[in-house]
Amino acid sequence: MKGKFISIEGPEGCGKSTQSEILVKYLKEKGREVILTREPGGTRVGEQIRSLVLDAKYEEMEPLTELLLMAASRAQHVLEKIMPAVAQGKVIVCSRFTDATITYQGYGRGFNRDLLKTMNSIATGGVMPDLTLLIDIDARTGLRRAFGVEKAEAKSGEGDRLESEDIGFHERVRYGYLELAKAEPERIRVIDGSGTIEQVSAAIRREVDALLAREGAGRGGVTQWR
Ligand SMILES: Nc1ncnc2c1ncn2[C@@H]1O[C@H](COP(=O)(O)OP(=O)(O)OP(=O)(O)O)[C@@H](O)[C@H]1O
Ligand SMILES: [Mg+2]
């Protein structure tokens, strides 16, 4: 069986963690070998970077530093974990990948999006997900799910360094994701995240089944241009 690389994206609290676990279970029941992972993180080195980049105590962290740390985590992740797993025919389910750089550092922080695309290419060597599940949810609803009602109303001040950005930031992130999905409708499938956990997971299963049914047809697994 050909390896597959699936990323799960979406605003804070959209259900990435919940749904990736459900998806992993589903894929295992189908007899696939699955690896659940995340960015930033996913490797020993990457998890160290994650704790640094998300720690709310580093208020002084420059946006450029944040961007480069995310890219560093990704480079390690692709080389150490994603490429080998896909080559072994496994399915990789990854919470956040390159699209998050465009939405958070681009739409959120204002970095030039062509620069970010270049940065992503450097970090990934051209490796892209076969399928990206964008769990779309209104930014406020997502924050409310993640933190409870009160904190979604004001600048949260809690949560990690990115979660505690203001609501405008999270609205730009959501908008950015929808724009990316419009630009790449085949790879990025929009899943309505406002339903119940079961409704969302059913929609995800449909997309994943369609991906697995394409097995053998067209490109399978990860391509790399480097
Ligand atoms: N469809 C749903 N309806 C209602 N609540 C949900 C739904 N999906 C997830 N939740 C709940 O919302 C919260 C956030 O979900 P989850 O942690 O899966 O999101 P996430 O996208 O991983 O968030 P983060 O961006 O913070 O990692 C959790 O408490 C989860 O149980
Ligand atoms: Mg999560």
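**A first look around the model**

Visitor: Which residues of α5 does α4 meet?
Guide: Keep in mind that this is a predicted model. On the α4 side, the residues involved are Thr-98, Thr-101, Ile-102, Gln-105, Gly-106 and Tyr-107. Across from them, α5 brings Arg-113, Leu-116, Lys-117, Asn-120 and Thr-124.

Visitor: How do the residues of that contact between α4 and α5 divide by type?
Guide: You can sort them into three groups: nonpolar, polar and charged. For the contact of α4 with α5, the split is 3 nonpolar, 2 charged and 6 polar.

Visitor: At roughly what angle do the axes of α4 and α5 cross?
Guide: Helix α4 covers residues 98–108 and helix α5 covers 113–124, and their axes come within 10 Å. The crossing of α4 past α5 is right-handed. As for the angle between the axes, that's roughly 150 degrees.

Visitor: What is the phi of Arg-96?
Guide: Arg-96 sits in the loop between β3 (91–95) and α4. Though Arg-96 isn't a glycine, its phi is positive, at about 75 degrees.

Visitor: Which residue does a cis peptide bond join to Glu-39?
Guide: Look at the loop between β2 (34–38) and α2 (44–54), where you'll find the partner, Pro-40. Omega for the cis bond is about -15 degrees. So to speak, the two names to pair up are Glu-39 and Pro-40.

Visitor: Which helix gives the most residues to the shell around ligand 1?
Guide: The shell has 13 residues, and the closest are Gly-15, Lys-16, Ser-17, Thr-18 and Gly-195. By type, the shell holds 2 nonpolar, 6 polar and 5 charged residues. The top giver, with 3 residues, is the helix spanning residues 16–29, namely α1.

Visitor: How much of ligand 1's accessible area does the protein cover?
Guide: Start with a few contacts: the side chain of Lys-16 has an N or O atom 2.7 Å from an oxygen of ligand 1. A nitrogen atom of ligand 1 is 3.3 Å from an N or O atom in the Arg-145 side chain, and a backbone N or O atom of Ile-197 also lies 3.3 Å from a ligand 1 nitrogen. On its own, ligand 1 has 630 Å² of accessible area, and the share covered by the protein is 68%.

Methods
Residues are numbered from 1 along each chain as its sequence is written. Chains are lettered from A and ligands numbered from 1 in the order in which they are written. This is a predicted model: local features need pLDDT of at least 70, side-chain atom pairs count only at pLDDT 80 or more; totals for chains, interfaces and linings use all residues. Side-chain values use heavy atoms; hydrogens and water are left out. A residue is near a molecule or strand if one of its heavy atoms lies within 4 Å of it. A polar contact is a pair of N or O atoms within 3.5 Å; within protein, one must be able to donate a hydrogen and the other to accept it, and residues adjacent in sequence count only if both atoms are side-chain atoms. Accessible areas come from the Shrake-Rupley method with a 1.4 Å probe; for residues, only the protein chains shown count as cover. Helices (H or I, at least four residues) and strands (E, at least two) are DSSP runs, numbered from the N terminus. Ala, Val, Leu, Ile, Met, Phe, Trp, Tyr, Cys and Pro count as nonpolar, Asp, Glu, Lys and Arg as charged, and the others, Gly among them, as polar. Axes are lines fitted to C-alpha atoms, for helices over the stretch in contact, and angles run from 0 to 180 degrees between N-to-C directions. A crossing is left-handed if the near helix is turned anticlockwise from the far one by less than a right angle, and right-handed if clockwise. Contact means heavy atoms within 4.5 Å.
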